Amino acid sequence: MVNFLIFGPPGSGKGTQSVKLAEKFRLVHLSTGDMLRAEISAGTDLGKKMSSIMAKGELVPDEVVIEMIAAKIDSTRGFAGFLFDGFPRTVDQTAALEKMLEARGMKIDCMLVLEVGHDELVKRLILRAEQSGRPDDKDPAVIENRIDVYRSKTEPIIDYCIKKGLYKPVDGVGSIDDIFVRLSDVMKEFV
Ligand code: ADP
């Protein structure tokens, strides 16, 4: 099993690239954002509790996503590994993921980081709002908050991964296909 994290600020293209990469490398794509949105559309109690936090662009509690991920890892069989998208998002989530993987004889093998500048991110998210209908894409103040939350709570994970030799930055500006090739070239070394 080979396990990848894909990182980058909101709007950096993690979701788009993850779907393509998971298919190419036979990985299970685990997106906590997608899982949470599925809870909201299914109208579950959890979804109801999380929707207002997500609409503000804040992070949902660590325990919620950690539990979701653990359940998915244990119910998945027959793949080459996992591609974690939007998780971990805090240093505590990272430690929890490492523990979870270690207990199952696995580890984080590589952290891909999509690099995109601030103005390009805002532009993409505003455009995406028109198609996705996501409430957290519609409001410019919420977009700014999500970028701030990424810088303050999620980016510290990068230093942690640099120290562990897992960090692989990738230029996230260009066509979807070009970025896919850049990411694939890095991932090929691990599979
Ligand atoms: P994006 O990367 O575009 O911000 P996501 O779909 O990954 O979007 O996440 C949307 C929202 O879901 C986040 O703003 C946050 O509220 C919540 N969320 C997703 N993953 C996590 C996580 N690992 N920890 C806490 N909150 C999360």
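Hi everyone, let me start right at the ligand: one of its nitrogen atoms is 2.8 Å from an N or O atom in the side chain of Thr32. Please keep in mind throughout that this is a predicted model.

Thr32 has company. An oxygen atom of the ligand lies 2.9 Å from an N or O atom in the side chain of Lys14, and a nitrogen atom of the ligand is 3.1 Å from an N or O atom in the side chain of Arg89. How much of the ligand does the protein bury? On its own the ligand exposes 560 Å², and 96% of that is buried by the protein.

Now for the shell as a whole. There are 19 residues around the ligand, and those that come nearest are Lys14, Thr32, Arg37, Glu58 and Gln93. By class, the shell splits into seven nonpolar, four polar and eight charged residues. Which element gives the largest share of that shell? That would be helix H2, residues 32–42, with four residues.

Let me zoom out to the space that holds the ligand. The ligand sits in the largest pocket, and that pocket contains about 1,000 Å³ of space. Its lining runs to 44 residues, with Pro10, Gly11, Lys14, Arg128 and Arg134 nearest the centre. So that you can find your way around on the screen, here are the elements involved: helix H1 (14–25), strand S2 (27–31), H2, helix H6 (118–132), H8 and helix H10 (176–188) each give at least two residues to the lining of the largest pocket. H6 gives the most, with seven residues. As for chemistry, the pocket lining has 13 nonpolar, 18 polar and 13 charged residues.

There is an enclosed space to show you as well. The count comes to one cavity of 30 Å³ or more, and the largest cavity holds about 70 Å³. Which residues line the largest cavity? They are Ile6, Phe7, Gly8, Lys14, Gly86, Phe87, Pro88, Arg89, Tyr150 and Thr154. Strand S1 (4–7) and helix H8 (140–154) each supply at least two residues of this lining, and by class it has five nonpolar, three polar and two charged residues. You will recognise Lys14 in that list; Lys14 is also among the residues nearest the centre of the largest pocket and among those that come nearest to the ligand. Arg89 is another cavity-lining residue whose side chain we met beside a ligand nitrogen.

To finish, two points about the backbone. Most residues other than glycine have a negative phi, and most peptide bonds are trans. Where does this model depart from that? Phe87 and Pro88, both in the cavity lining, are joined by a cis peptide bond with omega at about -5°. Pro88 is found in the loop between strand S3 (81–85) and helix H5 (91–103). Then there is Arg26, which is not a glycine but has a positive phi, near 55°. Look for Arg26 in the loop between H1 and S2, two elements that each help line the largest pocket.

That's my tour, thanks for listening!

Terms used:
Residues numbered from 1 in each chain as written. Predicted model: local features only at pLDDT ≥ 70, side-chain atom pairs only at ≥ 80, totals over all residues. Heavy atoms only, no water. Near = heavy atom within 4 Å. Polar contact = N/O pair within 3.5 Å; in protein donor to acceptor, adjacent residues only side chain to side chain. Areas by Shrake-Rupley, 256 points an atom, 1.4 Å probe, with all protein chains shown as cover. 1 Å grid on protein atoms, 1.4 Å probe; cavity = no way out; pocket = protein on both sides within 12 Å on 5 of 7 lines; lining within 4 Å. Sits in = over half its atoms within 2 Å of the grid points. Nonpolar A, V, L, I, M, F, W, Y, C, P; charged D, E, K, R; others polar. Points joined across faces, edges and corners; volume = space filled by probe spheres on them.
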